[in-house]
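User: Please take a close look at the charged side chains here and give a connected account of their contacts and surroundings.

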Amino acid sequence: FGSRTFGSILTETRQLQLRSLTMASLLSSVPGGEAMKEEMKKKAEEQVGEQAPDMIKPLFPILGGPVATVEMCMCLVPADKQEQAKSAIAKYKEM
């Protein structure tokens, strides 16, 4: 981390998330922005789906897609990947 503290890293991460949320909300006011916003959601969903454990992928159609499935089956996501998955799900929901 160098001279950066864990708290400063968390603050920077939160700022990036807020910028992403602001960008997504601004897209809806731009002509064609809704389509861009939907494309961003689709890419985020694909990313969550690619990172999901293979054992839960067959549940995607049953539980409402990759995001909903990973959220419901978070206990099956490896511990070292859970924070990344939670962050991606939160970002997806903010869009």
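Analyst:
**Charged side chains and their settings**

Lys57 has a relative accessibility of 29% and therefore counts as partly exposed, since that class lies between the limits of 20% and 50%. The model is a predicted one, and this value, like those below, is computed from it. The partner of Lys57 is Asp54, with which it forms a salt bridge at an N to O distance of 3.4 Å. Asp54 itself has a relative accessible area of 62% and is exposed. The bridge thus joins an exposed acidic residue to a partly exposed lysine.

This contact belongs to a set of three salt bridges found in a search of the whole structure. Another links Glu39 and Lys43, whose side chains meet at 3.5 Å, N to O. Both residues lie in helix H2, which spans residues 33–51, and because they are four residues apart there, about one helical turn separates them. Glu39 is partly exposed, at 47% relative accessibility.

The remaining bridge pairs Lys93 with Glu71, at an N to O distance of 2.6 Å. Here the partners come from two helices: Lys93 from H5 (residues 79–94) and Glu71 from H4 (residues 66–72), so the contact ties together parts 22 residues apart in sequence. Glu71 has a relative accessible area of 39%, which makes it partly exposed.

A lysine also takes part in a contact with an aromatic ring. The charged end of Lys41 sits over the ring of Tyr92, at 5.0 Å from the ring centre. As for contacts between aromatic rings, the count of pairs is zero.

One charged residue also appears in the wall of the largest pocket, whose lining divides into four nonpolar residues, three polar and one charged. That charged residue is Lys91. The nonpolar members of the lining are Ala44, Val48, Ala88 and Met95, while Gln47, Gln84 and Ser87 are the polar ones. The pocket has a volume of about 160 Å³. Helices H2 and H5 each provide at least two of its lining residues, and H5 gives the largest share, with four.

These two helices also figure in the bridges described above: H2 holds the pair Glu39 and Lys43, and H5 carries Lys93, which reaches Glu71 in H4.

Terms used. Residues are numbered from 1 along each chain as its sequence is written. This is a predicted model: local features need pLDDT of at least 70, side-chain atom pairs count only at pLDDT 80 or more; totals for chains, interfaces and linings use all residues. Side-chain values use heavy atoms; hydrogens and water are left out. Rings of Phe, Tyr and Trp (its six-membered ring) pair if their centres lie within 6.5 Å; planes under 30 degrees apart count as stacked, over 60 as edge-to-face and the rest as tilted. A charge sits over a ring if NZ of Lys or CZ of Arg is within 6 Å of the ring centre and within 35 degrees of the ring normal. A salt bridge is a side-chain nitrogen of Lys or Arg within 4 Å of a carboxyl oxygen of Asp or Glu. Buried means under 20% relative accessible area, exposed over 50%, partly exposed in between (1.4 Å probe, protein chains only). On a 1 Å grid over the protein atoms alone, a cavity is a set of points where a 1.4 Å probe fits but cannot get out, and a pocket is an open set with protein on both sides within 12 Å along at least five of seven lines; lining residues have an atom within 4 Å of a point. Grid points are joined across faces, edges and corners, and a volume is the space filled by probe spheres set on the points.
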